[in-house]
Amino acid sequence: MHLSVFKNSKIVILAVFSAITVSHSSAQEKPTVAKSQFKINVLLPGFVYEHGLSSKNTLYSEISSGYGYTSNTFGNTSRFYPFINTQIRHYYNLDKRVSKNKTIKKNTGSFVAFEASYHFKSINTNKNFLQSDASLIAGPVWGFQRTYNKNFNLDLNAGIAYNFKKADSNVIPIINFTLGWVIGK
């Protein structure tokens, strides 16, 4: 009887271990973006909200201020302007980051996106020197986002876009760079 209890306890231990292993392996979820997150941009003041649409896609919305530089026959000028930026982002390397034991928290990863942004009239333009019209910019971008300790966030993306302006529409390079913090957990 003593031997049968020992055999039965081995079977029970093996069954429990197997159940834990199977439930653990099936409970592992696919890497996914955050459901929602707010960010504060401190480099050029603004606010960002990023909403998870699916496991690897987000809707990125930003209200911020921007900086632009223009060079033409009248000279060079820099401008500050408010803008609204919206992107549909696809984070394509989440699985690879997880397989290398790298974090994907707070949407840390690389992405491709389609961007559409509306740039309001410059707040510091000299109208006698260079006209500054509002414009709509749309095009593809590639970028990456990293969230570090204490929710410090870096987001960089660049691409080529079409700039729709009242007087002069053209193809332009775009670069978006933000430094700030993710608000919340």
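From the N terminus on, the elements of the protein chain run α-β-β-β-β-α-β-β-β-β, which comes to two helices and eight strands; here helices (H or I, at least four residues) and strands (E, at least two) are DSSP runs, numbered from the N terminus. The model is a predicted one, in which local features need pLDDT of at least 70 and side-chain atom pairs count only at pLDDT 80 or more, while totals for chains, interfaces and linings use all residues. Residues are numbered from 1 along each chain as its sequence is written, and side-chain values use heavy atoms, with hydrogens and water left out.

With the whole chain in view, 36% of its 185 residues count as buried, where buried means under 20% relative accessible area, exposed over 50% and partly exposed in between, with a 1.4 Å probe and protein chains only. Contact means heavy atoms within 4.5 Å, and among contacts between residues at least 6 apart in sequence, 53% join residues at least 24 apart.

**The nonpolar core**

Select V33, Y91, L94, I104, F111, A113, I137, V141, A161, I172 and I174, the 11 residues of the largest nonpolar core. Such a core is a set of buried Ala, Val, Leu, Ile, Met, Phe, Trp, Tyr and Cys residues joined through side-chain atoms within 4.5 Å. Strand 5, strand 6 (135–147) and strand 8 (170–183) each supply at least two residues of this core. In soluble globular proteins, nonpolar side chains tend to be buried together. From this set, pick L94 and show its surroundings: leaving aside neighbours within four places in sequence, L94 is in contact with P31, T32, V33, S55, K56, I104 and T108.

**The charged network around R89**

Next, select R89, which is buried with a relative accessible area of 0%, and add E50, which at 0% relative accessibility is buried as well. Their side chains meet in a salt bridge (3.8 Å, N to O), a term that stands for a side-chain nitrogen of Lys or Arg within 4 Å of a carboxyl oxygen of Asp or Glu. E50 lies in strand 2 (residues 46–52) and R89 in strand 4 (residues 75–91), so the pair ties together parts that are 39 residues apart in sequence.

Adding D155 to the selection shows another salt bridge with R89, in which the closest N and O atoms are 2.9 Å apart. This pair links D155 in strand 7 (residues 152–165) to R89 in strand 4, 66 residues away in sequence, and both residues are buried. Salt bridges that share partners join K39, E50, R89 and D155 into one network.

Keep R89 selected and bring in two rings. The charged end of R89 sits over the ring of Y60, 3.9 Å from its centre, and R89 also lies over the face of F111, at 3.9 Å from the ring centre; a charge sits over a ring if NZ of Lys or CZ of Arg is within 6 Å of the ring centre and within 35 degrees of the ring normal.

**A salt bridge at helix 2**

How many salt bridges does a search of the whole structure find? The search finds four, and one of them joins the side chains of D95 and K56 (2.6 Å, N to O). D95 is in helix 2 and K56 in the loop between strand 2 and strand 3 (57–72), 39 residues apart. D95 counts as partly exposed at 39% relative accessibility, whereas K56 counts as buried at 18%.

**The loop before strand 5**

Move on to the loop between helix 2 (94–99) and strand 5 (109–119), where K106 lies. K106 is buried yet has no salt bridge, and the nearest side chain of opposite charge, E50, is 11 Å away; Lys and Arg count as positive and Asp and Glu as negative, while His and the chain ends are not counted. Not counting residues up to four places away in sequence, K106 touches Q37, Q145, T147, N151, V182 and K185.

The loop also holds N101 and N107. Most residues other than glycine have a negative phi. Phi of N101, however, is near 60 degrees, and N107 has a positive phi of about 60 degrees. N101 counts as exposed at 74% relative accessibility, whereas N107, at 1%, counts as buried.
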